[in-house]
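Trainee: Could we go through this one together, helix geometry and then charged pairs?
Mentor: Happy to, here it is.

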Amino acid sequence: MINAKMPPLSLRSASGQNVDLNDRIAKKPAILIFYRGGWCKYCNTQLDQLQEQIGRFEELGYQVIAISPDSAERTQERQMNRQYSYLVLSDSMNTASQAFGIAFKLSDALHATYKAQGVDLEAASGQKDHILPVPAVFIIGTDGTIKFVYANPDYTKRIEMDVLVKAAEAAQRPSRRNIREQAGRR
């Protein structure tokens, strides 16, 4: 998936506006964070850590965009309650998580376990498909090229912020291939 092009995507913002992700990223490189929903305590911790580090990512020239399977309405509630300064988008139809290859369907037994624990995925997303994304991070350049991926099916394991900062720094350096191509043009 590294060096692949990001698929064309349009998602809904917390305010309900359509956001063309490709157009937005063409203007400024992005760190995309896919999370499981506002009900997930591990996701909330990660999103809070991102907010704490937002200045570091902005200094590096990145925008941070979080993508949730929650409905736009739920995403708006979350945005208002947590006051994140980065963009949070709704992927309730799971088009982005499927396009990035990180969507999975919960088994009926696991869905029942979540529901028994008070997690109503249908109410959160407005969908009955019981699909969630594997928590993941993608760093994407303005040309739409995926430069870094971190995904872990163990939803309790998230990328450390220092590792993400180093990956963001490294993604801005020209690759060896690009250096060779540029040298060949001289």
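What follows is a short exchange about a helix and some salt bridges.

Mentor: This is a predicted model, where local features need pLDDT of at least 70, side-chain atom pairs count only at pLDDT 80 or more, and totals for chains, interfaces and linings use all residues. Residues are numbered from 1 along each chain as its sequence is written, and side-chain values use heavy atoms, with hydrogens and water left out.

Trainee: Where is the kink in H2 centred?
Mentor: Helices here are DSSP runs of H or I with at least four residues, numbered from the N terminus, and H2 covers residues 41-59. The bend at a residue is the angle between axes fitted to the seven residues ending there and the seven starting there. For H2 that gives a kink of about 55 degrees, centred on Gln53.

Trainee: Is Gln53 buried or exposed?
Mentor: Buried means under 20% relative accessible area, exposed over 50%, and partly exposed in between (1.4 Å probe, protein chains only). The H2 residues under that lower cut-off include Leu50, Ile54 and Phe57. Gln53 is also among them, so by the definition it counts as buried.

Trainee: Which residue forms a salt bridge with Glu122?
Mentor: A salt bridge is a side-chain nitrogen of Lys or Arg within 4 Å of a carboxyl oxygen of Asp or Glu. Glu122 is partly exposed at 24%, while its partner is exposed at 67%. The N to O distance is 3.8 Å, and the partner is Lys128.

Note on methods: Helices (H or I, at least four residues) and strands (E, at least two) are DSSP runs, numbered from the N terminus. The expected span of a helix is 1.5 Å times one less than its number of residues.
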